[in-house]
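Let's take a look at how two chains sit against each other. Here is the model in question.

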Number of protein chains: 2
Amino acid sequence: MTDTQKKPRRPRAETPKGFRDYFGAEVTERKDMLDRIAAVYHRHGFDALETSGIETVEALGKFLPDVDRPNAGVFAFQEEEVPGGGSGDWLALRYDLTAPLARVAAQFRNDLPSPYRRYAMGPVWRNEKPGPGRFRQFYQCDADTVGSASVAADAEICAMLADALEAVGIQRGDYIVRINNRKVLNGVLEAASVRPDQADDVLRQIDKFDKVGAEGVRQLLTVGRKDDSGAEIAGVGLTDDQAGPLLAFLTSKGADNGATLANLRAAVGGSAIGAEGVDELAQIADMLTAMGLGEDRIIIDPSIVRGLGYYTGPVFEAELTFEILDEKGRKRQFGSVAGGGRYDGLVERFTGQKVPATGISIGVDRLLAALRAKGLAGRDSAGPVVVTVMDRDRMADYQAMAAELRAAGIRAEVYLGNPKNFGNQLKYADKRRAPIAIIQGGDEAARGVVQVKDLILGAKIAAEASVEEWKSQPAQTEVPRDRLVAEVRRILG
Amino acid sequence: MTDTQKKPRRPRAETPKGFRDYFGAEVTERKDMLDRIAAVYHRHGFDALETSGIETVEALGKFLPDVDRPNAGVFAFQEEEVPGGGSGDWLALRYDLTAPLARVAAQFRNDLPSPYRRYAMGPVWRNEKPGPGRFRQFYQCDADTVGSASVAADAEICAMLADALEAVGIQRGDYIVRINNRKVLNGVLEAASVRPDQADDVLRQIDKFDKVGAEGVRQLLTVGRKDDSGAEIAGVGLTDDQAGPLLAFLTSKGADNGATLANLRAAVGGSAIGAEGVDELAQIADMLTAMGLGEDRIIIDPSIVRGLGYYTGPVFEAELTFEILDEKGRKRQFGSVAGGGRYDGLVERFTGQKVPATGISIGVDRLLAALRAKGLAGRDSAGPVVVTVMDRDRMADYQAMAAELRAAGIRAEVYLGNPKNFGNQLKYADKRRAPIAIIQGGDEAARGVVQVKDLILGAKIAAEASVEEWKSQPAQTEVPRDRLVAEVRRILG
């Protein structure tokens with residue numbers, strides 16, 4: 001290096017684009033929610049599985065179950081060359097928890113119990129363009145049963161999902177789990193004499209049922225329609241007679257499951273696969289009743305079409321039905337927080353054998369946002385009691401106070417910055433959202449007392465009180481040193 | 001694709017080399033341990049921090065705190081090119097939790113409380129050659145205080161570490177936290193007139209104190225010695241007079257902290273930095289006493305030299321002192337499970353300013369192995385009660401039984417495989433380590449009863465009993481259907 005060379009510039013202290021940090025309650029609130037869900041899954045006989053973040057690209061494949069993002073990218077990198085020749089394997093970060101489950105189910109097929117019930121929770125990575133609120137690392141929370149063709153497995157997953165939502169605090173009546181069945185749709189397609197090459201197109205159009213309604217879908221299935229901007233959208237070209245069973249399917253939800261099932265039987269006409277699908281839904285309904293889950297919690301709803309293109313049997317979706325205010329202050333329903341269904345191709349890529357599987361994935365960030373909107377998150381995220389430092393030579397005394405408080409189960413810490421400026425200590429306590437500050441100067445120490453300052457009451461008084469009231473300091477109490485824990489307990493309530 | 005082209009071969013269902021999966025109790029035992037540690041950290045005022053797995057290579061730097069692996073590799077990959085020119089940033093998976101803390105402490109220095117106490121738990125990745133028991137993804141569990149130069153922060157970290165070890169189940173007397181101080185060593189080097197260019201070499205030799213003892217280190221510091229194989233190892237070339245203070249330092253542990261501190265004061269002679277180091281240790285000892293932590297839990301021990309090369313002040317190490325049997329059946333002490341100390345360079349790379357910090361890292365896999373060796377892990381990893389399926393048309397009845405058991409807080413599941421072969425169902429229950437199987441055929445259903453089979457007692461009988469005893473089936477009880485939950489509860493105890 002020559003004398004004229006500059007020092008290298010300092011590195012930037014930044015997360016990569018599309019990544020973020022989670023602080024304090026952001027971490028513990030999510031953890032608390034996932035812990036409650038895990039407890040429900042465990043009680044249902046599901047076992048935890050934790051795979052590593054890295055898989056071979058070969059094992060990962062392109063098995064993206066989330067139909068909304070079929071072309072999502074992965075973060076991939078190549079292993080260093082193997083000594084003695086040959087280039088290294090390509091590795092990648094997992095983009096979901098289903099692909100690793102497929103690999104595990106194939107790799108350990110002789111060791112795992114069959115059926116294998118497992119849950120998994122953890123981060124996944126997607127190499128996508130980040131956007132507002134859209135990150136390239138996020139949590140997923142899945143439960144799947146691998147190796148059972150029985151609809152009992154599907155019923156159990158739905159029941160477990162409803163239990164999980166209640167376990168995190170969503171009240172009965174504030175959510176609904178809806179069930180549909182791809183086989184019923186197949187039956188309807190058969191009843192409507194839809195050609196196989198038209199099926200994808202038909203699915204794409206009925207997926208717009210939410211937005212355009214029954215008449216809109218009828219137009220899209222037949223001659224086409226104008227969208228809001230006036231643009232002409234081509235129709236699939238079915239006749240009105242063909243569109244009939246499809247519309248009957250979408251609108252067959254009746255006053256109760258019995259009525260819905262009767263409507264569905266009519267919609268599938270003489271189709272054998274359709275009848276099988278309706279029978280499955282009827283069995284699921286019976287099982288849910290036996291398990292004590294009423295139609296106020298789980299209901300058959302053929303208007304749920306999301307995922308029907310991907311799944312092969314029953315399809316589930318959990319929706320939160322309470323209203324929140326959107327960014328423009330308008331009331332709207334919270335919407336979907338979980339989805340899943342039955343699929344067959346899980347381990348086939350690896351073993352050549354079809355293995356039936358069914359499962360559910362909870363949208364972790366969405367559900368957590370819902371809990372926050374309802375005031376149900378962060379029940380345990382209070383700041384610590386801060387023991388201030390008036391006399392740095394008596395640090396051991398202050399530490400003894402904090403230790404006593406902690407021994408009584410109270411979150412507590414000693415101020416560890418430069419104690420010279422007491423105002424800074426109170427600013428620090430404020431930043432820590434401390435409910436209480438403890439103060440003991442030399443005078444108080446000599447008299448064997450401490451000052452206990454109620455910062456929450458203090459803030460309230462500061463905002464509302466007159467100068468006289470403020471000076472009288474009702475938020476600060478002097479107590480004997482040996483009453484410290486009792487007084488803090490009293491204020492914390 | 002031509003007709004003659006073969007189908008692509010099936011992908012291999014394998015983890016990449018050096019990675020592994022964690023099943024069931026392997027996941028929940030670790031989680032239980034980390035939860036207990038997190039509760040202790042939280043009670044001490046530490047806040048959770050979760051950074052993402054991916055950082056920019058620029059931010060990550062080469063700040064590897066684990067001195068044993070200074071050249072550890074990272075998994076790195078380049079971002080795709082930025083549209084409109086410029087190549088993408090290099091990104092990498094974090095190799096520890098300290099480098100992300102440094103980035104966060106710099107990035108959010110105006111927002112975070114100061115001092116900032118944080119804990120972090122999660123996987124890290126190292127692109128190293130895997131070996132037996134050595135994986136390329138593993139957990140770390142760190143707690144650090146950033147921005148406090150006070151030894152009160154060091155004392156607090158040590159006290160918290162001792163509390164954490166007891167919280168996970170290590171009994172008092174089965175562990176010891178040892179404290180040393182780099183400043184004392186610096187004072188000793190000064191007292192011994194060791195030249196700065198000899199310091200690294202001296203450190204390397206005294207690090208062998210564990211293996212070669214005092215006389216061995218004396219030889220290594222002076223004229224050299226022969227190792228076990230007879231090879232000549234060169235000495236540093238100090239005189240015996242120079243080696244004296246260094247050996248006095250290493251062997252200065254006395255009957256109690258008071259004696260140790262007196263020995264250390266003698267060893268540092270007139271060195272100012274040495275006296276400062278001894279004063280710091282004396283203050284830490286006073287603070288620990290004030291917090292109620294005796295020398296049976298935390299002790300000053302100058303023979304702890306690991307980490308002295310990296311840290312700048314107090315150094316800590318937690319050791320488990322109970323004996324286990326090694327792979328050859330020999331008794332040995334379990335050894336170190338956590339280490340840490342004070343360091344100054346944390347955010348300097350980013351901001352140019354030295355920020356004092358101190359922290360501890362618990363070896364997650366080692367501590368978990370210790371808990372397993374002591375039978376302290378897996379207190380809640382029992383298998384579920386398995387409700388068997390005698391009649392597949394009455395699936396709803398079996399699901400109702402499982403739902404009842406779960407509502408009573410009992411882990412339970414219905415067998416979801418093909419129910420044809422009952423033997424397979426019991427094999428499944430065995431694989432699930434089920435304590436109990438529930439059986440109800442058509443006959444029992446008609447009579448309103450269920451069979452409750454105690455599988456643990458059954459296995460015991462099968463191993464010990466005569467054919468007659470076995471036939472009498474004392475491990476299987478028939479109870480009225482409405483006594484199901486009560487009977488299961490009775491057996492589970």
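Buried area is the accessible area (1.4 Å probe) that two parts lose on being put together, summed over both. By that yardstick, chain A and chain B bury about 8,200 Å² between them, with 53% of it on carbon and sulfur atoms. On the chain A side, A:Glu50, A:Arg411 and A:Leu416 lose the most area to chain B, together 9% of what that side buries.

A word on ground rules: this is a predicted model, where local features need pLDDT of at least 70, side-chain atom pairs count only at pLDDT 80 or more, and totals for chains, interfaces and linings use all residues. Residues are numbered from 1 along each chain as its sequence is written, and side-chain values use heavy atoms, leaving out hydrogens and water.

Counting contacts (heavy atoms within 4.5 Å), 99 residues of chain A meet 99 residues of chain B. There are also 18 salt bridges between chain A and chain B, each a side-chain nitrogen of Lys or Arg within 4 Å of a carboxyl oxygen of Asp or Glu. One of them links A:Arg12 to B:Glu58, with the closest N and O atoms 3.0 Å apart.

So what kinds of residues make up the side of chain A that touches chain B? Here's the split, with Gly counted as polar:

| Class on the chain A side | Residues |
|---|---|
| Nonpolar | 45 residues |
| Polar | 23 residues |
| Charged | 31 residues |

How values were computed:
Chains are lettered from A and ligands numbered from 1 in the order in which they are written.
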